[in-house]
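Q: Please take a close look at one loop residue of this model and at what surrounds it, and then carry the description outward to the rest of the chain. I would like one connected answer.

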Amino acid sequence: MELLLTLFVISGIIYSVFYIQKKRREHHITGWKSLITSVCFISIALINAGANLFGMLGLISWGLTIFLLLMGAYFTKYLPVPQERWRNNEEEKYDF
């Protein structure tokens with residue numbers, strides 16, 4: 001059961017890496033600071049999946065998880081701000 005869970009997590013991580021890469025290319029996002037949040041969250045998933053698989057859910061895995069979570073939260077300020085698709089005024093909403 002643990003192996004199956006780990007395989008699901010790893011397949012989800014592989015999918016998310018390709019999805020993040022695709023979206024960064026589409027929106028022409030460059031720079032490493034905006035990527036750190038995603039890398040930290042993916043690392044959390046890998047660390048916890050490996051710790052669960054090998055039975056090492058201890059202080060080190062918890063410490064790394066908390067550190068990466070704080071690091072990912074800190075670097076969210078470097079994520080690009082999404083642009084609004086529509087204007088706020090309803091009259092100008094469909095004005096092309």
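A: Once its neighbours within four places in sequence are set aside, K33 is in contact with F75 and Y78. This is read from a predicted model, and K33 itself belongs to the loop between α1 and α2. At a relative accessibility of 34%, K33 counts as partly exposed, because that value falls between the 20% under which a residue is buried and the 50% over which it is exposed. The approach of this loop residue to a remote part of the sequence can also be followed in the backbone, where the C-alpha atoms of K33 and L79 are 7.8 Å apart although 46 residues separate the two in sequence.

Both contact partners of K33 carry aromatic rings that take part in ring pairs, and with Y74 they are linked into a cluster of Y74, F75 and Y78. The structure holds three aromatic pairs. One of them joins Y74 and F75 in an edge-to-face arrangement, with 5.1 Å from centre to centre and 90 degrees between the planes. Another joins F75 and Y78, where the centres are 5.6 Å apart and the planes stand at 35 degrees, so the pair counts as tilted, lying between the 30 degrees under which planes are stacked and the 60 degrees over which they are edge-to-face. F75 thus takes part in the pair with Y74 and in the pair with Y78.

The three members of the cluster can also be described by their accessibility. F75 is buried, at 11% relative accessibility, whereas Y74 is partly exposed with a relative accessible area of 44%, and Y78 is likewise partly exposed, with 33%. K33 therefore touches one buried ring residue, F75, and one partly exposed one, Y78.

Returning to the loop between α1 and α2, another of its residues is H28, whose phi is near 55 degrees, a positive value in a residue other than glycine. This deserves a remark because most residues other than glycine have a negative phi. The relative accessibility of H28 is 69%, and H28 accordingly counts as exposed, while K33 in the same loop is partly exposed.

On the other side of H28 in sequence lies helix α1, which spans residues 2-26 and includes R24. Leaving aside neighbours within four places in sequence, R24 is in contact with I29, T30, G31, S34 and L35. One of these contacts is polar, the side chain of R24 meeting the side chain of S34 at 3.0 Å. R24 is buried and yet has no salt bridge, the nearest side chain of opposite charge being that of E26, 12 Å away. That distance rules out a salt bridge between them, because such a bridge requires a side-chain nitrogen within 4 Å of a carboxyl oxygen.

E26 does have a charged partner elsewhere in the helix, for its side chain meets that of K23 in a salt bridge of 3.4 Å, N to O. The two residues both lie in helix α1, three residues apart, which is about one turn of the helix. E26 is partly exposed, with a relative accessible area of 41%, and K23 is partly exposed as well, with 29%. The count for the structure comes to one salt bridge.

A further local detail is found at S61, which lies in helix α3, residues 59-74. S61 is buried, with a relative accessible area of 6%, and its side chain reaches the backbone oxygen of G58 at 3.1 Å. Leaving aside neighbours within four places in sequence, S61 is in contact with I47, N48, A51 and M56.

These parts belong to a chain that has three helices and zero strands, following the pattern α-α-α along the sequence. Of its 96 residues, 17% count as buried, R24 being among the buried residues, as are F75 and S61. The accessible surface comes to about 8000 Å², and carbon and sulfur atoms account for 68% of this area. Among contacts between residues at least 6 apart in sequence, 63% join residues at least 24 apart. The starting point of this account, K33, offers a spatial counterpart to that figure, with its C-alpha 7.8 Å from that of L79 across 46 residues of sequence.

Terms used
Residues are numbered from 1 along each chain as its sequence is written. This is a predicted model: local features need pLDDT of at least 70, side-chain atom pairs count only at pLDDT 80 or more; totals for chains, interfaces and linings use all residues. Side-chain values use heavy atoms; hydrogens and water are left out. Helices (H or I, at least four residues) and strands (E, at least two) are DSSP runs, numbered from the N terminus. Buried means under 20% relative accessible area, exposed over 50%, partly exposed in between (1.4 Å probe, protein chains only). Contact means heavy atoms within 4.5 Å. Accessible areas come from the Shrake-Rupley method with a 1.4 Å probe; for residues, only the protein chains shown count as cover. Lys and Arg count as positive and Asp and Glu as negative; His and the chain ends are not counted. A polar contact is a pair of N or O atoms within 3.5 Å; within protein, one must be able to donate a hydrogen and the other to accept it, and residues adjacent in sequence count only if both atoms are side-chain atoms. Rings of Phe, Tyr and Trp (its six-membered ring) pair if their centres lie within 6.5 Å; planes under 30 degrees apart count as stacked, over 60 as edge-to-face and the rest as tilted.
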